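Please open the model in your viewer and keep the selection panel at hand for a short tour.

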Amino acid sequence: MIRYLIHRPVAVLISFLAVLIAGMALLQKIPVSLLPSIDVPRIVIVVNYPNTPAAQIQQNVIRPIQEAFAGVSHLANIESETSDHTGSVYLTFDYGTRMDLAYIEVNEKIDLLSNSFPRDMPRPQVMRINTSDIPVLHIQVIPSPGTNMSELSTLAEKYLRRRIEQLDGVSLVDMNGLQHSIVSVNPDKQALAALGEDESILSQTIRSVNQDLGRMTVQEGHYRYFVTVSNTVGSINELSALPVRLRSGSIVPLKQLAVISSQPETISGCHLFNGKQGIVITVGKRSDSKMNVLVPKLKSLVNQFTKHYPDLSFSITQDQTFLLDAGISNLYQDIIIGGILTISLLFLFLGNWASPTLMSISIPVSLVLTFLFFYSFHLSFNIISLSGLALGIGMLIDNSIIVVDNITKKYNENIPLTESCITGTNEVVVPVISQVLTTVAVYAPLVLLNGMASSLVADQSIALTISLAVSLLVAFILCPILYNLFMKGSPQKKKTDTIFYIWISKGYHKMVYHLLKHKGLYFFFTIALMPIGFLLVRQLPVSALPTIEKRDGLILLDWNTAVYIKENLQRTNRLLQVLQPFCETTEAEIGLQQFLQQQEQNSTQKLTLYYSCKTESLKKAADESIQTFLTQNYSNAFLRIIDAPNAFVQLFNDNTPWIEARLRPVNGDWSNIDLPRLLSQLHQPWTKGLGMIRQRNMRITLDYQKMALYGVSRAALEDKLQQLFGIYTITEMKHFGDVKTVRLQSPDEEQNKLNTAVKSGNGQTYPLKTFIGLSYEDGPRFITADKAGIYQSVSFDENTTNIDELKQQLTPLAATIQYDISYQGRYFSNKEQINKLWLIFWVVLFLLYAILAIQYEDLLQPLIVMLTIPLGIFGSSLLLYLTGQTLNVMTCVGFIVILGLIVDDPTLKVDVLNRLFKKHQQMGKTMDDSTLEELIHEAGEICLKPLLMVSLTTTIAMVPVLLVGGIGNDLQKPLAIVIIGGLTLGTFFTTWFIPIAYWYLNKLRK
């Protein structure tokens, strides 16, 4: 094929030019996002059932859902948390599950279960999680003093939201902090008592005249008309004038029996921005839109809002583009700086400008062609895919280096130029393809990894595979043709080596002479180095992800006491005063949240507080201050401080305990055992799980004997209790699209409400407290359950190192009280992950051996090449140890990658040695010691320059990752350290190990 194409340079060059133009054009259409659009294999089912205790929700709703979903395909785990008023079921699926199909299946099952749910309960909300669900920014709308919050809420819902939704690329606009007005009906109890009536006549009158009768049809001749009977009440004045018919037959207007007014709705939650109450608007983007295009449009729109509404203050917070700018711009710099360093390195080895220029062309050409495939495969530019390009930037030139160098050697042997291009390319096709295969093949077994690690590697490996495949195309087709066109002239006139390379070459041959004289010493010294790398790996501390700078956080706080919204607000303001010296920005969601995508359980006693600091040290100081403040003032509060909500947190953060022990009574009776007192016997520090948190509840019991004696029905009592203590909605008034709720309000103080009269069947009235009894009891704040049923748990942190000792203490302790116990947590999942990494390691070794055995048609020679792998691991682990890095997902991926990279140069050298071996045999030479020495020196002369250039270009392209800061480089730094250490130290040792090992193999065969 090369011979055919090299005689058609015009066709090939025009084809490449056309493809390059297409690649540049499509570059503008490739989506840009922080991370690839990955479906997190998790679905959350949120149940909202107001004024219902946790035990009832668990029994009637959560338990049937768990039982129904136990048999769903690809379901890995099912967990639930239930509290008063609400419950959540968390479905975790196997990675790789089609989450769009799983989402449909979950909704279908919820619809099937809907008939068994309580009739007055809203349908459970089903939410799936995607990296695109994280809002790209928050828009803060803060009113000036005296602004009506109801009017501001109407403006935000009917205008601001719609303007934002009209922007191309916006997927969801969500809000919190809205406060609407209601029509309040406050009964005049004295007037009602004087007329012998109670409050029920008010609600009956309003409902009777404000019913929507629906649509009717009327036939007139040959025509049929639709008739709509609309609401008769559209304003407060009309409502006040409604006639009320009394039992005596008299008719009085409603306003004589009640005070009717428009009032702000009683808030059960609010939003604070830097301590000021307002509304927050969160904006999400579509997965196919460009974040760097959408966010400027949003900022421009917010500027328009600022001009149109001078009484309002608009601010943008939690702008995710700072991650995009800091991450992706870092990787752009890595690609540009790495490319410049790589090209500059070529001029250190090559004595003319033509050869390095020709080799360098492969970098921009390969990158532009890669953009074409990015668009075709629907890939986006994100930190993960660009990291694959940054990793491959040094490899893009490797194939061209080998091809151009071999063509140059043929041309220097006075072979005609065109034939040199053909022969030089054909000779290295097999080893070059083998090198690429060994590099790419190591990624295939990584799909065996669980969790987001496999998704992270998948996008990176696709980008790297595409770029390397394109570089093969450039090296095998474009480079020979350009060499044939532009390198004409006598080869003797071209200076091929620099003074620097000549000095290195002389030193190399001196080293080989020395090595061959002391073969045994160096061979066994190198063998002795191989296990040291594995020993160093065991000394590295373990972490899930590389250390990334964190300047903001999220406080999830439950006061763990029955506080209402006003008390919650006061406590929050005190907490904000503690944070003020450390933080630049704070956002507080107090009490019930109105977000559509709300996954956490809503409660008036909860607080979600986002805070941002200028430096990471200030954030740590803020965290300590929060802990101290709560310990001193609210020791019973349940606190979690987690990473701020962004795509990285959603994908990679694991908030599960390090070790969690789940306990269940064998007989199902929770009442007789005081678990906290029992667990105090443990020698290890532990923390209560959600199921062990208690709360004080008020219990109302009905006196049925007195109810029967005085003729008071249960329905009458429940209706009265709902009026006094609940949210008693009478109806809704609709007027030109504006909907207002009409509610019956009770003006009495809480302690006086029990004296309210309740009417019996014969018309007599009695105090409410006559028929009810009040008591207080402690009960669970949350009910936690999994596939095995309800459990209570205790957790242990990372300081718990002796897991076997913990089990030996806890398991017998649970058995003494007849409790079953099971263990969960990150410790066990990490252990499983490490075992899978070892499995992947052996699978990769087998794949490498198979590729090399096929290339060499030999079963022993691949072993020589593969013995260089421990040398690469030694170099990588030594550099990791010296730089103080941890063993995390990225370092493990780096070790897997180094398996494929470290064998590239030995693969080429063994191939050249085999070729020279056959050449000497064809010349009739005897393979004695002197011939083998000559062969090794000759192979070294052929391979040294491409070997050094390939290793150094791959290494030096990763140097910017170490030098340039930012979240993108923070994530990739451990991987870069592994590759740099493996290729530098590993390559140094392989330069003498391969010749000596080849020597001993030939002696062994003789």
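The stops below take in a helix pair, a surface patch and some loop residues.

This is a predicted model, in which local features need pLDDT of at least 70, side-chain atom pairs count only at pLDDT 80 or more, and totals for chains, interfaces and linings use all residues. Residues are numbered from 1 along each chain as its sequence is written, and side-chain values use heavy atoms, with hydrogens and water left out.

Begin by selecting helix H14 (residues 398-412) and helix H15 (residues 417-441), whose axes come within 8 Å and cross at roughly 145 degrees; helices (H or I, at least four residues) and strands (E, at least two) are DSSP runs, numbered from the N terminus, and axes are lines fitted to C-alpha atoms, for helices over the stretch in contact, with angles running from 0 to 180 degrees between N-to-C directions. Among the residues that meet here (contact means heavy atoms within 4.5 Å) are Ile-402 and Tyr-411 in H14, and Leu-417 and Val-436 in H15.

Next, select Gln-318, in the loop between strand E15 (312-317) and H10, which has a positive phi of about 50 degrees although it is not a glycine. Gln-318 is buried, with a relative accessible area of 11%; buried means under 20% relative accessible area, exposed over 50%, and partly exposed in between (1.4 Å probe, protein chains only).

Glu-857, in the loop between helix H26 (826-856) and helix H27 (861-866), also has a positive phi, about 55 degrees, but is exposed at 71%.

Finally, select Gly-884 with Leu-540: they are 344 residues apart in sequence, yet 8.2 Å apart in space, C-alpha to C-alpha.
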